[in-house]
Amino acid sequence: MEWKRKDLLSLYDLTAEEIVFLLDTAEEFKKVSERKVKKVPALRGKTVVNFFVEPSTRTRVSFELAEQRLSADIVNMQAAVSSLRKGETLLDTVRNIEALQVDLVVMRHSAPGAQAFIAKHLSCGVVNAGDGAHSHPTQALLDIFTIREKKGCVKGLNVAIVGDILHSRVARSNIWGLLKLGANVTLAGPATLVPREFEEIGVRVCHNLREAIADADVVNLLRIQHERQAAGFFPSTGEYAKFFGINRETLKWMKPDALIMHPGPINRDVELTSEVADGPNSVILEQVTNGLAVRMAVLFLVAGCVKK
Ligand code: CP
């Protein structure tokens with residue numbers, strides 16, 4: 001197929017065919033990072049601005065590395081020392097960046113829809129590196145890439161997503177992507193963080209961990225996002241860990257070959273214990289490795305659709 005989008009904003013927008021095309025392209029780019037010389041000239045002459053208005057380790061570093069491996073010119077813009085601090089609007093900021101003949105803007109922002117908003121006004125490409133609790137498409141792509149790599153397929157798999165679904169852009173993007181590719185999705189966590197309304201989009205909602213993970217091929221544990229929780233959604237992290245944490249005992253409730261995933265950063269001893277995070281079922285660091293290949297694929301494909 002031919003890629004036709006200059007922006008990657010959300011997996012909700014994509015067809016199953018587009019998602020598979022992205023994953024197949026990432027598979028090719030993964031080989032580049034396994035070579036002695038980990039660089040290709042695919043984005044030579046292109047300029048990418050990384051603009052992270054919210055903190056990030058994995059996404060920011062892997063986008064930057066992906067850009068370097070594709071030979072792009074890179075500018076890392078620091079929101080804290082930008083003229084946003086003087087009251088310049090987001091739109092004026094990105095219009096000024098575009099006036100410097102930039103090809104792509106990779107942005108993380110706390111406002112849901114911020115990237116979709118700027119993409120409407122820019123002719124350069126926009127890649128969403130996370131917008132509030134709405135969407136984190138490259139995280140879901142790397143999660144699905146890892147599932148496909150480990151299990152051989154996605155269709156028909158049972159995927160349990162456990163944790164703070166309410167505040168999670170990772171959950172939303174995974175749900176959209178996994179459903180499009182034919183997986184069965186179960187959401188689990190306290191009723192305050194996993195409301196029944198999610199059932200309307202075709203997933204199972206479960207408030208009992210044992211039931212949620214018993215038939216799971218993949219268990220994706222999401223971080224408790226204290227920074228997005230104005231109210232207390234559960235009595236304490238200890239209580240959360242007791243009922244929804246994966247530890248040596250609750251791991252036994254799962255299939256022996258089930259994958260343990262986590263997008264990071266991990267709250268150790270809350271979502272999972274160290275022996276699970278670092279144990280044989282865990283593919284958490286492989287997710288990070290695959291993020292590089294997925295981001296190379298995304299940058300390569302969207303850059304090809306930016307008109308100059
Ligand atoms: N998974 C993820 O988005 O991690 P960072 O916030 O560190 O980028």
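Helices (H or I, at least four residues) and strands (E, at least two) are DSSP runs, numbered from the N terminus. This is a predicted model, where local features need pLDDT of at least 70, side-chain atom pairs count only at pLDDT 80 or more, and totals for chains, interfaces and linings use all residues. Residues are numbered from 1 along each chain as its sequence is written, and side-chain values use heavy atoms, with hydrogens and water left out.

Me: Which helix is Asp143 found in, and which strands does that helix touch?
Reply: Contact here means heavy atoms within 4.5 Å. Asp143 sits in helix H5. That helix, residues 137-151, packs on the sheet and touches strands E8 (218-221) and E9.

Me: What is the order of the strands in the open sheet?
Reply: Two strands pair if DSSP finds at least two bridges between them. The pairing in this sheet of 5 strands is parallel. E7 (204-206) and E9 (259-261) each have a single partner strand, so they stand at the edges with one side lacking a neighbour in the sheet. The order is E7-E6-E5-E8-E9.

Me: Which residue in E6 is the bridge partner of Ile161?
Reply: Strands E5 (residues 158-162) and E6 (residues 184-188) run parallel, and 5 bridges join them. For Ile161, the partner in E6 is Leu187.

Me: Which side chain does the side chain of Asp143 make a polar contact with?
Reply: A polar contact is a pair of N or O atoms within 3.5 Å; within protein, one must be able to donate a hydrogen and the other to accept it, and residues adjacent in sequence count only if both atoms are side-chain atoms. Leaving aside neighbours within four places in sequence, Asp143 is in contact with several residues, including Val170 and Met261. Its polar partner, at 2.8 Å, is the side chain of Gln287.

Technical notes. Axes are lines fitted to C-alpha atoms, for helices over the stretch in contact, and angles run from 0 to 180 degrees between N-to-C directions.
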